[in-house]
Amino acid sequence: MARNVRVRRLIVEILFENGAMTKTEMFNHLTKNYRLLREPTEHSLSSIMNKNSQVIPVGTQVAVTEQGNKTTHILFDVDRKLIRNKDDLIRTMPISLLTKEESVDAGRCLECARVRILEKNAKCLQCNLTQS
């Protein structure tokens, strides 16, 4: 599994289990709890979280820099309206983040054309929830 794929999946799982975090909190959590071959930078984590469709900004947090200045950091969390349990987390992941066993049931959604684990009506979880 490629390095960024592993980190992308870890980020989503960590946010799901621990709640909203800033890029700095995520960086500290990853370095303390996981042994990664190459650790991502805070900047790259911010980029990964901003580009992930499962992760949304949920607010801001004021932080103090080493120089004593105040700065605002974005709080990221998984989309809790869409993702309610671990199964929803797996069903909303892009196919590139899925294991071989998980990706067996993946297909292209009839509505949004994303490759995801599909519901019985051949639509992804996100498209099913937006229609409801």
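In this briefing a strand, like those on either side of the loop that holds A113, is a DSSP run of E of at least two residues, and strands are numbered from the N terminus. A113 lies in the loop between β3 (106-108) and β4 (115-117), and the model in which this loop appears is a predicted one. The chain as a whole has five helices and four strands, and the points below go from its overall layout to single residues, an internal cavity and the cysteines.

**Overall layout**

- Read from the N terminus on, the elements of the chain follow the order α-α-α-β-β-α-β-β-α.
- Taken along the principal axes, the box filled by the C-alpha atoms of the chain is roughly 55 × 35 × 20 Å.
- The chain has 132 residues, and buried residues make up 38% of them.
- The accessible surface of the chain comes to about 8,100 Å², and carbon and sulfur atoms account for 49% of that surface.
- Among the contacts in the chain with a separation of 6 or more, 46% join residues that are 24 or more positions apart.

**Two buried residues in the helices α1 and α2**

- V7 has its place in helix α1, which covers residues 3-18, and V7 counts as buried because its relative accessibility is 1%, where the cut-off for buried is under 20%.
- When residues up to four places away in sequence are not counted, V7 touches L36, P40, L45 and I48.
- E39 stands 32 residues from V7 along the chain, yet the C-alpha atoms of V7 and E39 are separated by 8.9 Å.
- M26 is found in helix α2, which covers residues 23-33, and M26 is buried because its relative accessible area is 0%.
- Leaving aside neighbours within four places in sequence, M26 is in contact with I11, I14, L15, M21, L45 and M49, and L45 is also one of the residues that V7 touches.
- M26 and L125 are 99 residues apart in sequence, and their C-alpha atoms are 26 Å apart in space.

**A buried residue in strand β2**

- V78 is found in strand β2, which covers residues 70-78, and V78 counts as buried because its relative accessibility is 1%.
- The residues that V78 touches, not counting those up to four places away in sequence, are V12, L15, F16, Q54, V55, I56, I83 and L89, and among the contacts of M26 is L15 as well.
- Although V78 and G19 are 59 residues apart along the chain, their C-alpha atoms are separated by 7.9 Å.

**Two alanines with a positive phi**

- A113 is not a glycine, and yet A113 has a positive phi of about 70°.
- With a relative accessibility of 38%, A113 counts as partly exposed, because partly exposed is the class between buried, under 20%, and exposed, over 50%.
- A122 is not a glycine either, and A122 has a positive phi of about 65°.
- A122 is found in the loop between β4 and α5, the latter covering residues 125-131, and A122 is partly exposed, with a relative accessible area of 25%.

**The cavity**

- Rolling a probe the size of a water molecule over the atoms shows where empty space is left.
- The structure holds one cavity of 30 Å³ or more, and about 50 Å³ of space lies in the largest cavity.
- The lining of the largest cavity is formed by S53, Q54, L82, R91, T92, R114, R116, C124, L125 and Q126, and Q54 is also among the residues that V78 touches.
- By type, the residues of this lining divide into three nonpolar, four polar and three charged.

**The cysteines**

- A disulfide is a covalent bond between the sulfur atoms of two cysteines.
- The structure holds zero disulfides.
- C109 is in no disulfide, and the nearest cysteine sulfur, which belongs to C112, is 3.7 Å away, so this pair does not meet the cut-off of within 2.5 Å for a disulfide.
- C109 counts as buried because its relative accessibility is 4%.
- C127 is likewise in no disulfide, and the nearest cysteine sulfur, that of C124, is 3.5 Å away.
- C127 counts as buried because its relative accessibility is 8%, and C124 is one of the residues that line the largest cavity.

Key. Residues are numbered from 1 along each chain as its sequence is written. This is a predicted model: local features need pLDDT of at least 70, side-chain atom pairs count only at pLDDT 80 or more; totals for chains, interfaces and linings use all residues. Side-chain values use heavy atoms; hydrogens and water are left out. Buried means under 20% relative accessible area, exposed over 50%, partly exposed in between (1.4 Å probe, protein chains only). Contact means heavy atoms within 4.5 Å. On a 1 Å grid over the protein atoms alone, a cavity is a set of points where a 1.4 Å probe fits but cannot get out, and a pocket is an open set with protein on both sides within 12 Å along at least five of seven lines; lining residues have an atom within 4 Å of a point. Grid points are joined across faces, edges and corners, and a volume is the space filled by probe spheres set on the points. Ala, Val, Leu, Ile, Met, Phe, Trp, Tyr, Cys and Pro count as nonpolar, Asp, Glu, Lys and Arg as charged, and the others, Gly among them, as polar. Accessible areas come from the Shrake-Rupley method with a 1.4 Å probe; for residues, only the protein chains shown count as cover.
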